[in-house]
Amino acid sequence: MASLQFQLQATDGHSAARAGKITTDHGEILTPIFMPVGTAGSVKAVSQQQLKNDVQAQIILGNTYHLYLRPGLETLEKAGGLHKFNGWNRPILTDSGGYQVFSLASSRKITEEGVVFQSHIDGSKHLFTPENVMDIQRSIGGDIIMAFDECPPYPSEYKYAEKSMHLTHRWLDRCFERFNGTPDRYGYTQNLFPIVQGSTYADLRKASCEYAASKNAAGNAIGGLSVGEPDHMMYEFTQLCCENLPAEKPRYLMGVGTPWNILECIALGVDMFDCVMPTRNGRNAMLFTSKGVINIDNKKWEHDYSPLDDGIDSDISNYYSKAYLRHLMKAKEILGLTIASVHNLAFYLWLVGEARKHILAGDFISWKNEQAAILQQRL
Ligand code: GUN
């Protein structure tokens, strides 16, 4: 069993985009890649079979915060880890909880030691530290696990962003110390990725990239973006981070974004993405398609019996009509949530797959420019 490997297969001549292959003990991931979010061990409304066959997902996410609170570590450990528990035998990445305690917990207090927070489920009190978050992620069993960080809000004052970044760096040292001192839990290799912070300050971002890179981890993540800043700032700091993180390691941009955000950030050198947008927006009747964005609730689709999206290779997207999905959503039939979620995820996976093909073919930028008008169009 071996540490995660990253093989760069092609770099674009006209942008920083690249195509690569990540190898883990649970299989390969072709990059650039989008990772569906399976917060509590399930991608909402989507089965593992659908993730494999319709979506063609190569890796999914889980969240430490949710899985630790429910079902809890005893259940996960007795199952033999999350792969065994949920039946997903391809790679899994877990986020550390550093973000969720800030966005979800009903109260939280940050100290040097860690974060004390109250569960959003029953109000019970818990402490996350860099050490126990490593132990918890070892027990969950992700192939890629994330460092415990603080994600400052946007906007943040320079002084706060700087203080927060240094805390994240001290936590990063503690994460690696614990991670390196503990064995892989289930016989395959787990890999720890550091997370770059530094808010919207170039000198802090640069310092944080250098700090992250100094850990010589198998990959690096960019956090603290897509937290309310305008898109042009997200691109500016994504570019700065890509330029200051090692080229020979995968770069993961956390929590991004719209289809168009993803293509722009692939052009800046990002290899891995995750976001709740395809599933969350799908459940709210918003469909991303290869012809533009659809609000399936709109009366316009009432008698449109054409497939949801015949431009992508997904059985569900080709099979069901817009009129039928509109009916399901209006009638609050739960199948509607599944069809919308599976379709949106299949579209995201199609999009990154096409990006990869065009990077390999050498015409990524001209293809991306064509996509700009299509992806941002409302049908
Ligand atoms: N998900 C989206 N952004 C972040 C971040 O900054 N940190 C963590 N841990 N997860 C994220």
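Two strands count as paired here if DSSP finds at least two bridges between them. By that criterion, in this predicted model, five strands form an open sheet in the order β4-β15-β14-β13-β12, with parallel pairing. The edges of this sheet are β4, residues 33-35, and β12, residues 195-196; each has a single partner strand, so one side of each is left without a neighbour in the sheet. Strands of a sheet pair through backbone hydrogen bonds, in either the parallel or the antiparallel sense.

One of the pairings can be followed in detail. Strand β13, residues 220-222, runs parallel to strand β14, residues 251-253, and three bridges join the two. Within this pair, Ile222 has Leu253 of β14 as its bridge partner.

Antiparallel pairing is found elsewhere in the chain. Strand β2, residues 18-24, and strand β3, residues 27-31, are antiparallel and share five bridges. Lys21 is matched with Leu30 of β3 as its bridge partner. The connection from β2 to β3 is a hairpin of two residues. A second antiparallel pair consists of β16, residues 286-289, and β17, residues 292-295, joined by four bridges. Here Thr289 stands opposite Gly292 of β17. These strands also form a hairpin, with two residues between β16 and β17.

The ligand comes next. The space that the ligand takes is the largest pocket. Around the ligand are Asp95, Ser96, Tyr99, Asp149, Cys151, Ile195, Gln197, Gly223, Gly224 and Met254. By class, this shell divides into four nonpolar, four polar and two charged residues.

Which side chain has an N or O atom 2.6 Å from a nitrogen atom of the ligand? That side chain belongs to Asp95. Asp149 also offers a polar side-chain atom, which lies 2.7 Å from a ligand nitrogen atom. At Gly224 the backbone is involved: a polar backbone atom of Gly224 is 2.7 Å from an oxygen atom of the ligand. Each of these three distances falls within the 3.5 Å limit for a polar contact. Taken alone, the ligand exposes 280 Å², and the protein buries 97% of that area.

Several loops carry backbone geometry worth inspecting. Most residues other than glycine have a negative phi, and most peptide bonds are trans. Against that background, two cis peptide bonds and one positive phi value can be located in the model. The bond between Tyr154 and Pro155 is cis, with omega of about -5°. Pro155 is placed in the loop between β10, residues 144-146, and α7, residues 158-180. A cis peptide bond also joins Val256 and Gly257, where omega is about 5°. Gly257 is found in the loop between β14 and α10, the helix of residues 259-267. Ser226, a residue other than glycine, has a positive phi, near 60°. The loop that holds Ser226 runs between β13 and α9, residues 231-244.

Strands β13 and β14 thus link two parts of this description. They pair with each other in the parallel sheet, and the loop between β13 and α9 contains Ser226, while the loop between β14 and α10 contains Gly257.

Note on methods
Residues numbered from 1 in each chain as written. Predicted model: local features only at pLDDT ≥ 70, side-chain atom pairs only at ≥ 80, totals over all residues. Heavy atoms only, no water. Near = heavy atom within 4 Å. Polar contact = N/O pair within 3.5 Å; in protein donor to acceptor, adjacent residues only side chain to side chain. Areas by Shrake-Rupley, 256 points an atom, 1.4 Å probe, with all protein chains shown as cover. 1 Å grid on protein atoms, 1.4 Å probe; cavity = no way out; pocket = protein on both sides within 12 Å on 5 of 7 lines; lining within 4 Å. Sits in = over half its atoms within 2 Å of the grid points. Nonpolar A, V, L, I, M, F, W, Y, C, P; charged D, E, K, R; others polar.
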